[in-house]
Amino acid sequence: MDTCAPMKYEACIGLETHVMQKTVTKMFCGCRNEYGAPPNTNVCPVCLGYPGALPVLNAKAIELCCKAGLLLGCEINPHSKWDRKNYFYPDMSKNYQITQADRPLCLGGQIVTEVNGEMKTFTIERIHQEENAAKNTHDKSGSLIDYNRAGTALMEIVSTPCMHSADDAFAYIQALKLIMEYGGISDCDLEKGHMRSDVNVSVRPVGQEKLGAKVEIKNMNSPSFIVEAINFEIARQIELIENGGKVVQETRGYDSDRGETFSQRTKEDAHDYRYFPEPDLLPVEISAAQISQWKSELPELPVQRRERYVRELGLPDYDAKVLTAEKHISDFFDTACHKTKQYKLLSNYMMGKVASLVTEKGVSVIESKLTAGTLAQVADLVGGGNISSSAANELIEVLFTEGGDPKAIVEVKGMAQVNDDSALEKWAEEAIAANAKAVDAYKAGNAASVNALMGYVMKQSKGKANPPAVIAMLKKKLGA
Amino acid sequence: MADATHMDVSYIAHLARIHLAAGEAELFQGQLDQVLNYVEQLGELDLSNVEPTTRSTAAFEHPGVNVLRDDTPRPSLDHDAVIANAPAARDGQILVPKIME
Ligand SMILES: [Zn+2]
């Protein structure tokens, strides 16, 4: 992801990230916020922009926006208000978008995250609440509009131009996504357009304070395309300047097939949104008591959960980092931890067998037949010496694809380890009788030769003998 | 938020997608200038300690802030009625002149 930028230029990157909040209804009306509903079924006079219809604020959206702000260390604005951003486009049938221009709900804030092993702080300027536009599709004869998405709650999180590489931007987006997911603010499903960013890129000679002319790449949802677009854009701007050219402030699109940004010819007039205060909505005032109430309700963040796994469950930091990288995986692990004390075994299975099954079968752990309860039982069976590690992997695969009761499967498939002394004793005696060389070596002081005997027993028992019990039995027999 | 006592009527008309007939631009420009000059008289007052008015609806009936509703769904319009109200439609979607090349 490194850019091939010569050292004498510095890129400055800022992101305006739109996040769709997890509300049941839209921002200003009681229509459902529902993905995939038949077109134009969740619509009413308010979200269709019929004359005379009046918007009413959704309290839950305000709460989620402020909680997002609190999770990102923002100040909650005690007085915020609403404005109209005027433009003509069929995806916004009122001919204006309700947004917040000069008094947004949240001010300031930051995201602290790791970029290539280094902790970096990225600053946030503001978060404002606004509404989503409708969905357009185009064909030969015209454009088709589905207003189901029109007027759904959308927050815009604006960073400062504090990032200097595509890696920085990638880390910022990943961290932001994780915080929004953990915080219950948004599902951040990129496929469903829950999170889209406008990316501003400029370059300047190192040491120059003033920012260079910025290029805005609009409406990107794939983090990997954002990385490609930034790298292309930084290289393009530097080359332009090196060749005596000048970067023009403009909006560019990203063509992912060609891996290039391209100029989107601006319409004949520059955007002039003629913002003015929204007369149909009253301001929002948020009290200190309300803010402390919301603060007390904030859930655990990924970084806090990672620390807890190390502190309370005794996991290595590496495990804690991997397990918390995706919320649904971490939630699954958390639930399983309430059902067993075998935390390290659970962690091993989550990162090992379960993760490889997810890749192999193309099914997430949530969609699979495996449950936190059955995985916890597997860990207990292994921890209690009832099944071997290899049997555990086999058992997890069955539970993942078919489900069922772990103990019953162990029984039916004959996976149980044999701990029974008389059976072990018989195998140990056979092993000693059949491996005179190893026995002699052991008696001569080569402790490792017991492994040869052990291998014999495991083979005889078809892997069902419990290894530590076999070793103990062999040592007892040999020592006698 | 008005930043000047002069606004170009032709430009404003274009932003509002209004077509002005011959002579109308001149007529409205004069009228608009008059209105703006009139409002500009407010500039003579010292308003540095006055909060902008943010309410215009039913200001006397409630505290004037925090009018919110619960996040509970209410019935939407009947789909067929919505489509019947649109100038053109196809496949349950509203059809408009093409907005992209
Ligand atoms: Zn509606």
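1. Let me start with the contact between the two chains: 55 residues of chain A and 41 residues of chain B take part in it. Please keep in mind that this is a predicted model. Together, chain B and chain A bury about 4,100 Å², and 57% of that area falls on carbon and sulfur atoms.

2. The polar side of this contact deserves a look too. Between chain B and chain A there are 24 residue pairs in polar contact, both residues being at pLDDT 80 or more. Several elements of chain B supply at least two residues each to the side that touches chain A: α1 (9-15), β1 (68-69), α3 (79-84) and β3 (93-96). Sorted by class, that side of chain B holds 19 nonpolar, 13 polar and 9 charged residues.

3. How many salt bridges are there between chain B and chain A? The count is 1. Arg90(B) and Asp139(A) meet in a salt bridge through their side chains, at 2.3 Å from N to O. As general background, side chains of opposite charge can pair when their charged atoms come close.

4. The chains also meet through strands. Strand β2 (residues 57-58) of chain A runs parallel to β1(B), and 2 bridges join them. If you want a place to zoom in, Leu57(A) stands opposite Leu68(B) in β1(B).

5. Within chain A, here is a pairing to set beside that one. Strand β10 (residues 135-138) and strand β11 (residues 143-146) of chain A pair in the antiparallel sense, with 4 bridges. β10(A) and β11(A) make a hairpin, with 4 residues between them. Which residue of β11(A) is the bridge partner of His138(A)? That partner is Ser143(A).

6. Now to salt bridges at large: a search of the whole structure, over all chains, finds 38 of them. One links Glu242(A) with Lys8(A), whose closest N and O atoms are 3.4 Å apart. Glu242(A) lies in helix α3 (residues 223-242) of chain A and Lys8(A) in the segment before β1 (9-20) of chain A, so this pair ties together parts that are 234 residues apart in sequence. Glu242(A) counts as partly exposed because its relative accessibility is 41%, and the range for that class runs from 20% to 50%.

7. Another salt bridge stays inside a single helix. The side chains of Lys67(A) and Glu63(A) meet at 2.8 Å, N to O. Both residues lie in helix α1 (residues 59-71) of chain A, and the 4 residues that separate them amount to about one turn of the helix. Are these partners buried or exposed? Lys67(A) counts as buried, at 10% relative accessibility, and Glu63(A) also counts as buried, at 17%. Both calls follow because buried means under 20% relative accessible area.

8. Asp272(A) and Arg274(A) give a further example, their side chains meeting in a salt bridge at 3.2 Å, N to O. Asp272(A) is partly exposed, with 23% relative accessible area, and Arg274(A) counts as partly exposed at 33% relative accessibility. Elsewhere, salt bridges that share partners join Glu300(A), Arg305(A), Arg308(A), Lys327(A), Asp331(A) and Asp334(A) into one network.

Notes
Residues are numbered from 1 along each chain as its sequence is written. Chains are lettered from A and ligands numbered from 1 in the order in which they are written. This is a predicted model: local features need pLDDT of at least 70, side-chain atom pairs count only at pLDDT 80 or more; totals for chains, interfaces and linings use all residues. Side-chain values use heavy atoms; hydrogens and water are left out. A salt bridge is a side-chain nitrogen of Lys or Arg within 4 Å of a carboxyl oxygen of Asp or Glu. Buried means under 20% relative accessible area, exposed over 50%, partly exposed in between (1.4 Å probe, protein chains only). Contact means heavy atoms within 4.5 Å. Buried area is the accessible area (1.4 Å probe) that two parts lose on being put together, summed over both. A polar contact is a pair of N or O atoms within 3.5 Å; within protein, one must be able to donate a hydrogen and the other to accept it, and residues adjacent in sequence count only if both atoms are side-chain atoms. Ala, Val, Leu, Ile, Met, Phe, Trp, Tyr, Cys and Pro count as nonpolar, Asp, Glu, Lys and Arg as charged, and the others, Gly among them, as polar. Two strands pair if DSSP finds at least two bridges between them.
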